[in-house]
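This report goes through the ligand sites and the empty spaces of one model, taking the surroundings of each ligand before the volumes that the protein leaves open.

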Amino acid sequence: MACVMDGNGRWAALRSLPRTSGHRAAETTVIEVIEAARTAGVEWLSLYAFSSENWRRPSGEVDFLMELVRQVVRKHAALLHARSIRCRFLGMADPRIPAPLARDFADLMTLTAVNRGMTLTVAFGHGGRGDIVAAARSLIRDGVPAEAVDERSFAAHLPFPDTPDVDLVIRTSGEQRISNFMLWQVAYAEWVFPPVLWPDFRAPHFLECLRAYRLRDRRFGGVAPYANGDPRP
Ligand code: IPE
Ligand code: IPE
Ligand code: MG
């Protein structure tokens, strides 16, 4: 499952604070959601932290986010490792990501690579279209003939190709868009849009989203309703 962590700026504006205060307040939610997901038995959790479009924001906000993420990664690395969480960063190949931050990402990935408790993918500098273009380039570079390209072989060239399709996406703050998030992997995801702003989102909200998901019928284009948890058709 995945979270589009949205609403930090509005959370801050409601308090007459700078947008950056909203980003700082998001840290508590991030840790609480990771813990709630792990406890609920979620095996794959992806968090959308910074999009390839977010580089358009004022440089002060972008710089603040780069520094904040660095602090958060450093502060919580030991805890994540102790919880046996395997951490990955999706989008880290973007050369605009400051080198020290990219190194911290790589270090945490290495430190937690053998963990099997839960896989946490932080999408940072990520864009779904960019990933699809990268996969196409990778196929071409490998000289794969056109006839050999199908959905399966194409997906094998995406970054972190072992990542399963996303079953549920939570987008907080009431916004109802994809915003270029893991486009390939969300093809058949269920979406929920809780109105609560990300810094106010807590474990009970998270569990409510899981409850809503369990009530959905997933048909995958067929006619029989497949109960969630059943093997995919
Ligand atoms: C989400 O909160 C965090 C990032 C995109 C980095 P926003 O900063 O988008 O907050 P709003 O949408 O302006 O309230
Ligand atoms: C999407 O949120 C990206 C993240 C949450 C990191 P945005 O706030 O940037 O998306 P738009 O601009 O509302 O589509
Ligand atoms: Mg937003």
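## Basis of the contacts

A polar contact is a pair of N or O atoms within 3.5 Å. The model is a predicted one, and the distances given below are computed from its atoms. By that cut-off, the 3.2 Å between an oxygen atom of ligand 2 and an N or O atom in the side chain of R57 counts as a polar contact.

## The site of ligand 2

Ligand 2 is surrounded by V4, M5, D6, Y48, A49, F50, N54, R57, R171, R177 and S179. By class, this shell is made up of 5 nonpolar, 2 polar and 4 charged residues, and strand 2, which spans residues 44–51, provides the largest share of the shell with 3 residues.

Besides R57, two further residues of the shell place side-chain atoms at short listed distances from the ligand: a polar side-chain atom of R177 lies 2.7 Å from an oxygen atom of ligand 2, and an N or O atom in the side chain of S179 is 2.7 Å from an oxygen atom of ligand 2. On its own, ligand 2 has 390 Å² of accessible area, of which the protein covers 77%.

## The site of ligand 1

Around ligand 1 the residues are M5, D6, G7, N8, G9, R10, R19, H23, A49, N54, R57 and L65. They divide into 3 nonpolar, 5 polar and 4 charged residues. R57 belongs to this shell and also to the one around ligand 2, as do M5, D6, A49 and N54, which are named among the residues around ligand 1 and among those around ligand 2.

Polar atoms from both backbone and side chains approach this ligand, since an oxygen atom of ligand 1 is 3.1 Å from a polar backbone atom of N8, while another listed pair puts an oxygen atom of ligand 1 at 2.8 Å from an N or O atom in the side chain of R19. For R57, a polar side-chain atom lies 2.7 Å from an oxygen atom of ligand 1. Taken alone, ligand 1 exposes 380 Å², and the protein buries 86% of that area. Two or more residues of the shell come from each of helix 1 (8–14) and helix 2 (19–39), with helix 1 giving the largest share, 3 residues.

## The largest pocket

Which space does ligand 1 take? Ligand 1 takes the space of the largest pocket, and the space taken by ligand 2 is likewise the largest pocket. This pocket has a volume of about 810 Å³ and is lined by 40 residues, of which M5, N8, Y48, A49 and F50 lie nearest its centre.

The elements that contribute two or more residues to the pocket lining are helix 1, helix 2, strand 2, helix 3, strand 3 (85–90) and strand 4 (118–126). By class, the lining holds 23 nonpolar, 8 polar and 9 charged residues.

## The enclosed cavity

The structure also holds 1 cavity of 30 Å³ or more, and about 40 Å³ of space lies in the largest cavity. The residues lining the largest cavity are I31, I34, E35, L79, L80, R83 and I85, and the elements that give two or more residues to this lining are helix 2 and helix 3 (59–82).

Helix 2 gives the most to the lining of the largest cavity, with 3 residues. The lining divides into 5 nonpolar and 2 charged residues, with no polar residue.

Terms used: Residues numbered from 1 in each chain as written. Chains lettered and ligands numbered in written order. Predicted model: local features only at pLDDT ≥ 70, side-chain atom pairs only at ≥ 80, totals over all residues. Heavy atoms only, no water. Near = heavy atom within 4 Å. Polar contact = N/O pair within 3.5 Å; in protein donor to acceptor, adjacent residues only side chain to side chain. Areas by Shrake-Rupley, 256 points an atom, 1.4 Å probe, with all protein chains shown as cover. 1 Å grid on protein atoms, 1.4 Å probe; cavity = no way out; pocket = protein on both sides within 12 Å on 5 of 7 lines; lining within 4 Å. Sits in = over half its atoms within 2 Å of the grid points. Helix = DSSP H or I, 4+ residues; strand = E, 2+ residues; numbered from the N terminus. Nonpolar A, V, L, I, M, F, W, Y, C, P; charged D, E, K, R; others polar. Points joined across faces, edges and corners; volume = space filled by probe spheres on them.
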